[in-house]
Structures are given as C-alpha cells and as structure tokens.
Amino acid sequence: MVEDQLIELTKQLIALNEAAFQSYNSVRETGVQGDFYLEVKPFADRVKHMCDEWLPLATEWVETVQPKHLHSIQLKNTSENLQMVSVKAFFPDASLKKFKEHIRSVDYVLRRLLEELTKYHNTL
C-alpha cells in the first residue's frame, strides 16, 4: 500500500532532519567542520536518495487526497530544504537562525503529512 511506504519514508526523513540538527549543534560546539567524503557526502547522498523516493509519492498522495493545509509546492520546498540542511549541518559557520528555520519548516511539513497519512490510513 502506498500509504504504508509513504508513512515509513516520512518517518525516516523526520529522523534524518533530526540527525542534521544534531550534527549542526555538534559542529557548532566544536567548531570543526565535517569531513566532506567521510561525513557530508554520504549523509547528503542518503537524504537526496530518500527525498527522490519520497517526493513523487507524497506529491501524488497530496494531490489525490487533498488534505487541508498541505500542498505539493510545500512538499517540493521541504525536499529542497532538507537536502540543503543535510549539507549545511556539517559546517559550523552556517547561519544558526536560517538553519533552525529550515529545520523547523521541514519538521512541520513532514509531521503534518505524517499526521494526515495516519488519519487517512486509519479510516481505510
């Protein structure tokens, strides 16, 4: 079932968003930026792969079901923002305010989608 796959992918993206935030806090504390080939690229590649799998499914679901306060453009922006924070998470000089705003925005949309998916799934 598409909803099951989408729920699982959304949960994984929430976890990756949280991991990016933890990584950012860690590099800000130490002042040491992450190693590009050992940390940054593998993490960013994983996020991109998951976003590429998630976005078409989420977009199709939102356009079909039309849940309140969720639109396909939000999903696209969420995917782009998550991919951006997956890289910036390893650089201590990235703007704290902007980084936190992107993290919060991604978290809000993903959790909103998860809530709607769960509600929809439970009515089936």
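## A tour that starts at Ser79

Begin by selecting Ser79, which sits in helix H3. Helices here are DSSP runs of H or I with at least four residues, strands are runs of E with at least two, and both are numbered from the N terminus. Before you click on, know that this is a predicted model, where local features need pLDDT of at least 70, side-chain atom pairs count only at pLDDT 80 or more, and totals for chains, interfaces and linings use all residues. Residues are numbered from 1 along each chain as its sequence is written, and side-chain values use heavy atoms, with hydrogens and water left out.

Is Ser79 buried or exposed? Ser79 is buried, with a relative accessibility of 4%. Buried means under 20% relative accessible area, exposed means over 50%, and partly exposed is in between, using a 1.4 Å probe and protein chains only. Now show what surrounds Ser79: setting aside neighbours within four places in sequence, Ser79 is in contact with Cys51, Trp54 and Leu55. Contact means heavy atoms within 4.5 Å.

**Stop 2: the whole chain**

Zoom out and colour by secondary structure. You should find 4 helices and 0 strands, in the order α-α-α-α along the sequence. The C-alpha trace spans about 50 × 25 × 20 Å along its principal axes. The radius of gyration is 15 Å, which agrees with the value near 14 Å for a compact globule of 124 residues. That radius is taken over C-alpha atoms, and the globule rule is 2.2 Å times the number of residues to the power 0.38.

Of the 124 residues, 40% are buried. Among contacts with a separation of 6 or more, 84% are between residues 24 or more positions apart.

**Stop 3: the core**

Select Leu6, Leu13, Trp54, Leu75, Leu82 and Leu113 and show their side chains. Within the largest nonpolar core, which has 33 residues, these six touch the most other members. A nonpolar core is a set of buried Ala, Val, Leu, Ile, Met, Phe, Trp, Tyr and Cys residues joined through side-chain atoms within 4.5 Å. Helix H1 (2-30), helix H2 (36-65), H3 and H4 each supply at least two residues of this core. Which helix gives the largest share? H2 does, with 10 residues. In soluble globular proteins, nonpolar side chains tend to be buried together.

Keep Leu75 selected and drop the rest. Apart from its neighbours within four places in sequence, Leu75 is in contact with Trp54, Leu55, Ala58, Thr59, Val62, Val109 and Leu113. Trp54 and Leu55 may look familiar, as Ser79 is in contact with them too.

**Stop 4: along H4**

Next, select helix H4, residues 96-123. H4 has 28 residues and reaches 41 Å from first C-alpha to last, close to the expected 40 Å. The expected span is 1.5 Å times one less than the number of residues. The buried residues of H4 include Phe99, Ile103, Val109, Leu113 and Leu117, but also Arg112 and Glu116. Show H1, H2 and H3 again, and you'll see part of what covers the buried residues of H4.

**Stop 5: salt bridges**

How many salt bridges does a search of the whole structure find? There are 9. A salt bridge is a side-chain nitrogen of Lys or Arg within 4 Å of a carboxyl oxygen of Asp or Glu.

- Stay on H4 and pick Glu101 and Lys97, a salt bridge with its closest N and O atoms 3.1 Å apart. They are 4 residues apart, about one turn of the helix. Glu101 is partly exposed at 38%, while Lys97 is exposed at 60%.
- Move along to Lys119 and Glu116, whose side chains meet at 3.4 Å, N to O. These two are 3 residues apart in H4, so about one helical turn separates them. Lys119 is partly exposed at 46%, whereas Glu116 is buried at 10%. Add Arg112 and Glu115 to the selection: salt bridges that share partners join Arg112, Glu115, Glu116 and Lys119 into one network.
- Jump to H3 (residues 72-88), where Glu80 and Lys76 are 4 residues apart and about one helical turn separates them. Their salt bridge is 2.8 Å, N to O. Glu80 is partly exposed at 41%, and Lys76 is partly exposed at 40%.

**Last stop: H1**

Finish on Thr30, in helix H1. Thr30 counts as exposed, at 53% relative accessibility. Draw a distance to Lys11: the two are 19 residues apart in sequence and 29 Å apart in space, C-alpha to C-alpha.
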